[in-house]
Amino acid sequence: MPPQARNCLHCATKRLDAVLVRYLHRLGAHALIVEDVPCLRCPECGEEYLDIATLNTIESAHNAILDHERGDGHSRRLRFEELGSR
């Protein structure tokens, strides 16, 4: 989310908190569970906002895992900081 967009788009609260969350990314039968993903969360309604660079990092890492493992249908759990080393 761009720095200037600090209002919740869902409830219009004027503050978003920087937090770390668990994010589930699915590609076909394979799931990648990523821990400690940075995002902004509305303290009022709980809406979460991940920026496009974060989402691109997760998707690229997931594709690399599937290419390496030949899409065997298993799930994998990683920490966000580990994705950069792939």
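The largest nonpolar core in this predicted model has 12 residues: V21, L32, V34, V37, C39, L50, I58, A61, I65, L78, F80 and L83. Here, a nonpolar core is a set of buried Ala, Val, Leu, Ile, Met, Phe, Trp, Tyr and Cys residues joined through side-chain atoms within 4.5 Å. Buried means under 20% relative accessible area, exposed means over 50%, and partly exposed lies in between, using a 1.4 Å probe and protein chains only.

Three elements each give two or more residues to this core: β2 (30-41), α1 (52-69) and α2 (80-83). Among the contributors, β2 gives the most, with 4 residues. Helices (H or I, at least four residues) and strands (E, at least two) are DSSP runs, numbered from the N terminus. Apart from this core lies another one of 5 residues, including C8, L16, L40 and Y49.

Before turning to the charged pairs, a word on conventions. Residues are numbered from 1 along each chain as its sequence is written, and side-chain values use heavy atoms, with hydrogens and water left out. As this is a predicted model, local features need pLDDT of at least 70 and side-chain atom pairs count only at pLDDT 80 or more, while totals for chains, interfaces and linings use all residues.

Now to the salt bridges. Side chains of opposite charge can pair when their charged atoms come close. A salt bridge here is a side-chain nitrogen of Lys or Arg within 4 Å of a carboxyl oxygen of Asp or Glu. Searching the whole structure turns up 6 salt bridges, and the table shows some of them.

| Salt bridge | N to O distance |
|---|---|
| R15 and D17 | 2.8 Å |
| D36 and R79 | 2.6 Å |
| E81 and R79 | 3.5 Å |

The bridge between D36 and R79 links distant parts of the chain, with D36 in strand β2 and R79 in strand β4 (residues 76-79), 43 residues apart. D36 is partly exposed, at a relative accessible area of 27%, and R79 also counts as partly exposed, at 37%. R79 pairs with E81 as well, and E81 is exposed, with a relative accessible area of 60%. Elsewhere, salt bridges that share partners join R22, E35 and R77 into one network.

That leaves the pair formed by R15 and D17. R15 is partly exposed at 47% relative accessibility, and D17 is partly exposed with a relative accessible area of 27%.
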